[in-house]
Amino acid sequence: MKVLIASPEVYPFVKTGGLADVTGSLPKALKKLGVEARVILPKHKQIPDNFPFRYRNLKVSCKISSKTVDAEIVESEYDGVIAYLVEKDEYFYRDYLYSTPDGDYLDNAERFTFFSKAILEAIKVTGYVPDVLHLNDWETALSAMFLKVHYKDDPLLSRVATLLTIHNLGYQGIFWHYDMHLLNVGWEYFTPEYLEFYGKINFLKGGIVFADIINTVSKKYSQEIQTPEFGLGLEGVLRKRSSDLFGVLNGIDYDEWNPEKDERIPAKYTVQNLEGKRINKVALQRAFGLSINEEVPLIATISRLSEQKGFDLIIEAIPQLFTFGVQYVILGTGERRFHEELQAIKTRFPDHFGLKIGYDNDLAHLIEAGADIFLLPSKYEPCGLNQLYSLKYGTVPVVRATGGLDDTIIDYNENPSLGTGFKFYGFTKEEMIEAIERALAVYRNKDLWLSLMRRCMEQDFSWERSAREYIKLYQLAMEKHGSNPGSI
Ligand code: ADP
Ligand code: GLC
């Protein structure tokens, strides 16, 4: 079986969030199971020069409205995975991937329509014709539509089945209807059955309608998005496709995130010997200028600073949190209003609160390794990776029971013999504080806490199981495509 994974970001080339972690590590796991998997992404400015880049004169031309846009497909490689990078500086050599702190790039519809077309042309010029094209999020979703509208008679491309993975329904790629001309499909596709969404064009919806199979990144979220509360207007179209909609939990890459062999942290540690975690805690307190104290409970959050992740709750709760005698560190970047509010809190509580606004992978590893508790009170969470990294580092998660957070964490008070963290249900400050208090009560009992930490570290969320589930979905996509070629 041959698969091409298309994504706007792939780690280790470039990453802004969990999407890159997933699209970077899934192909490695697939290869271990005997599936040939390659990736394709834009050649963003942020991709470091130290990757091998092979220019093989692979040129693609895509029609965007009445223009013909030329680009080059550059071949590269990481950890044995072949990658195709779409080089088009006019679209992708920019300071950010999707948006500046002041908002989205104004030509995102054009940039990602182009990328979605270039993916298909790249299949032709590289000669790597996958059985399944695995699309990820709105930036690639339209490929599923272009395949069925523009390439239905193409001898190579008409054979390609599609799987669309929705990593986050909060980002749909919605643009005004004047952008329809970029797509080069007729106005008959600007209807509620296809792309039209409250008078606008919705790229993700195009993918949901046209992909052979759809999945999201946890079972719970695959059910939630079929309801008005979480469906963000797409619940109807998702329900319509519910027999083709699956949930596959993300795996995590234990080569990258593993305290036993993590080169980015001051001291490695294992389930049997946790001494290193103490050293990392001190290093973390030092890194944030907090008082050095091994006993004080150290809570942490690493996240995009967005409404999704529950920062409204966090900001409301912080003053009360500090009455419990804890330290708290946040690493994140995102919406300007959260930057400002958190900076203001930092000036009020300089000794207890550590704040780093920015993106820093090394610091993310140190935080996982040094903190006691990881707090993630998301409003919604398709899967979430940080709670899984936290488990591996013995940093006990306190999470809101939604989406992947609910699927991956077992509440300790509900189930003391299997619990791996603390969960709360309502999206309120009171419930969040109550869950933190429950965690702190266990923290005060050293033996109970140590055994809870160890249980966390023993959880296995490696990719193998998830990759096997993806292989089943690829098979299903192929069957579906074969039995129903060229139709939707
Ligand atoms: P999402 O993709 O919704 O942002 P995930 O939990 O799936 O959430 O993945 C987030 C990933 O991004 C994790 O690997 C996390 O460590 C990383 N990350 C998020 N913010 C930062 C940051 N400011 N610095 C370093 N890494 C970050
Ligand atoms: C999204 C989601 C996150 C998920 C990640 C990778 O960004 O917000 O929950 O873990 O994608 O699938």
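User: In this model, which residue in β18 is the bridge partner of Ile 299?

Analyst: That's Ile 373. Keep in mind that we're looking at a predicted model. Strand β15 (residues 298–305) runs parallel to β18, with 2 bridges between them.

User: What makes β15 and β18 count as paired?

Analyst: The cut-off is at least two bridges. β15 and β18 have 2, so they count as a pair.

User: How many bridges link β18 to β19, and in which sense do they pair?

Analyst: There are 4 bridges, and the pairing is parallel. One of the contacts puts Phe 374 opposite Pro 397 in β19. Helix α14 (residues 386–392) joins in too: β18, α14 and β19 form a right-handed β-α-β unit.

User: Are the faces of β18 buried or exposed?

Analyst: Buried, on both sides. Ile 373 and Leu 375 cover one face, Phe 374 and Leu 376 the other.

User: Why is Tyr 198 called exposed?

Analyst: Exposed means over 50% relative accessible area. Tyr 198 comes in at 69%, so it's exposed. You'll find Tyr 198 in the loop between β11 and β12.

User: How do you know that Cys 383 is in no disulfide?

Analyst: A search of the whole structure turns up 0 disulfides. For Cys 383, the nearest cysteine sulfur belongs to Cys 456, 16 Å away. The limit is 2.5 Å, so the pair doesn't qualify.

User: Why are Cys 383 and Cys 456 called buried?

Analyst: The threshold is under 20%. Cys 383 has 2% and Cys 456 has 1%, so both count as buried.

Methods:
Residues numbered from 1 in each chain as written. Chains lettered and ligands numbered in written order. Predicted model: local features only at pLDDT ≥ 70, side-chain atom pairs only at ≥ 80, totals over all residues. Heavy atoms only, no water. Buried < 20%, exposed > 50% of the residue type's maximum accessible area, 1.4 Å probe, protein only. Right-handed = clockwise from strand over helix to strand, strands pointing away.
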